[in-house]
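Trainee: I have a model open in my viewer and would like to learn how to read it. Could you take me through it feature by feature?

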Amino acid sequence: MASNLTGTVALVTGASSGIGAATARRLADDGASVALVARRKDRLAALAAEIEQAGGTALVVAADITDRFQAEDAVEQVIERFGRLDILVNNAGLMLLGPVIGADAEEWDRMIAVNVQGLLYTTRAALPHLLKAAEQDPRQVADIVNIGSYAGRVASKGFGVYNATKFGVHAFTESLRQEVTQRHVRVGVLEPGAVESELGTHNKPEVRSELIDPYFEATDVLAAEDIADGVAYMATRPRHAAIGELWIMPTEQA
């Protein structure tokens, strides 16, 4: 097991599947103790057992981060267990696509709650502890990595509200970085292109066939582990090196 992050504690939201699970495994492999945060406790327990079987340390925290109080409690559970927090990975996300006319407003509410409100609540709860870790640790750095999307920079037909949430993640990251960068907390956004995960599986079949499948068929789709590698790259850089924005893009098929 590598030791780049030995002695650090990482909290990963949306850790029950896909990018979140892959990221938790990768950070644990690099030596971090990992707090796994999501709603599906059974999946978190299975992942924690896998990490511990490999020699790592994991904490299961079943929480819905779209609820501010649950997000705050999740962070407090991490501090109670480990006494510190060095890395926050805001990964939880939901992608529900479709045109504005005829859209399901409840789907919009769910997507905004997960992609924006959950990120804000978890960041707000975690930030005082990240600042404390940065001030007290010889590394003198803590990290926030927000998982955004290529949709946070480029708009597409049918992606309207999803675009809006991911543009928001990008802008929030930029703003927060200016607020805390002088206090040794690095803030960056990782914006991948097409990734094979559960993110888009909740879309209606007709939406998938029109808006998602054609793009996936035209590219070499990224794996969740590719994004996890990017997170680890951002979090293990020398303390004076920060990455404000990292794109990980699939290549087009010939």
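Mentor: Let's start with the order of elements: read along the sequence, the protein chain follows the pattern β-α-β-α-β-α-β-α-β-α-β-α-α-β. Helices here are DSSP runs of H or I with at least four residues, strands are runs of E with at least two, and both are numbered from the N terminus. The model is predicted, so local features need pLDDT of at least 70 and side-chain atom pairs count only at pLDDT 80 or more, while totals for chains, interfaces and linings use all residues. Residues are numbered from 1 along each chain as its sequence is written, and side-chain values use heavy atoms, with hydrogens and water left out.

Trainee: How many helices and strands does the protein chain come to?

Mentor: The count is 7 helices and 7 strands.

Trainee: What share of the residues in the protein chain is buried?

Mentor: Burial is read from relative accessible area: under 20% is buried, over 50% is exposed, and partly exposed is in between, with a 1.4 Å probe and protein chains only. In this chain of 254 residues, 51% are buried. The chain exposes about 11800 Å², and carbon and sulfur atoms supply 50% of that area. Those areas come from the Shrake-Rupley method with a 1.4 Å probe, and for residues only the protein chains shown count as cover.

Trainee: And how do I read contacts along the sequence?

Mentor: A contact means heavy atoms within 4.5 Å. Take the contacts between residues at least 6 apart in sequence: 71% of them join residues at least 24 apart.

Trainee: Which residues have the most contacts inside the largest nonpolar core?

Mentor: A nonpolar core is a set of buried Ala, Val, Leu, Ile, Met, Phe, Trp, Tyr and Cys residues joined through side-chain atoms within 4.5 Å. The largest one here has 39 residues, and Leu-11, Val-78, Leu-85, Ile-144 and Val-185 have the most contacts inside it. Elements that each supply at least two of its residues include β1 (9–13), β3 (58–62), α3 (68–82), β5 (142–147) and β6 (185–192). The largest share, 8 residues, comes from α4. There is also a second, separate core of 35 residues, which includes Ala-10, Ala-28, Val-34 and Ile-51.

Trainee: What is Val-185 in contact with, leaving aside its neighbours within four places in sequence?

Mentor: Its partners are Leu-130, Leu-131, Ala-134, Ala-142, Ile-144 and Val-180.

Trainee: Let's look at strand β2. Are Val-34 and Ala-35 buried or exposed?

Mentor: Val-34 is in strand β2, and so is Ala-35. Val-34 is buried because its relative accessible area is 0%, and Ala-35 also counts as buried, at 0%. Now compare their partners, not counting residues up to four places away in sequence. Val-34 touches a set that includes Ala-24, Leu-27 and Ala-28, whereas Ala-35 touches Ala-10, Leu-11, Val-12, Leu-59 and Val-78. Ser-33 lies in β2 as well, and it is buried because its relative accessible area is 16%. Ser-33 touches Thr-8, Val-9, Ala-10, Thr-57 and Phe-82, with the same sequence neighbours left out.

Trainee: How do I read a helix such as α1?

Mentor: An α-helix has 3.6 residues a turn, so residues three or four places apart point the same way. Helix α1 (residues 18–29) has 12 residues and reaches 17 Å from its first C-alpha to its last, close to the 16 Å expected. That expected span is 1.5 Å times one less than the number of residues. Its buried residues are Ile-19, Gly-20, Ala-21, Ala-22, Thr-23, Ala-24, Leu-27 and Ala-28. What covers them includes β1, β2, α2 (41–53), β4 (87–90) and α7 (224–235). After α1 comes Gly-31, whose phi is positive, near 105°.

Trainee: How far apart are the C-alpha atoms of Ile-19 and Ala-228?

Mentor: They are separated by 6.5 Å, although the two residues are 209 apart along the chain.

Trainee: Why does Asn-90 count as buried?

Mentor: Asn-90, in strand β4, counts as buried because its relative accessibility is 4%. Beyond its neighbours within four places in sequence, its contacts include Thr-13, Leu-119, Ile-144 and Asn-146.

Trainee: Where does a charge lie over a ring face?

Mentor: The test is that NZ of Lys or CZ of Arg is within 6 Å of the ring centre and within 35 degrees of the ring normal. Here Arg-68 lies over the face of Phe-69, at 4.4 Å from the ring centre.
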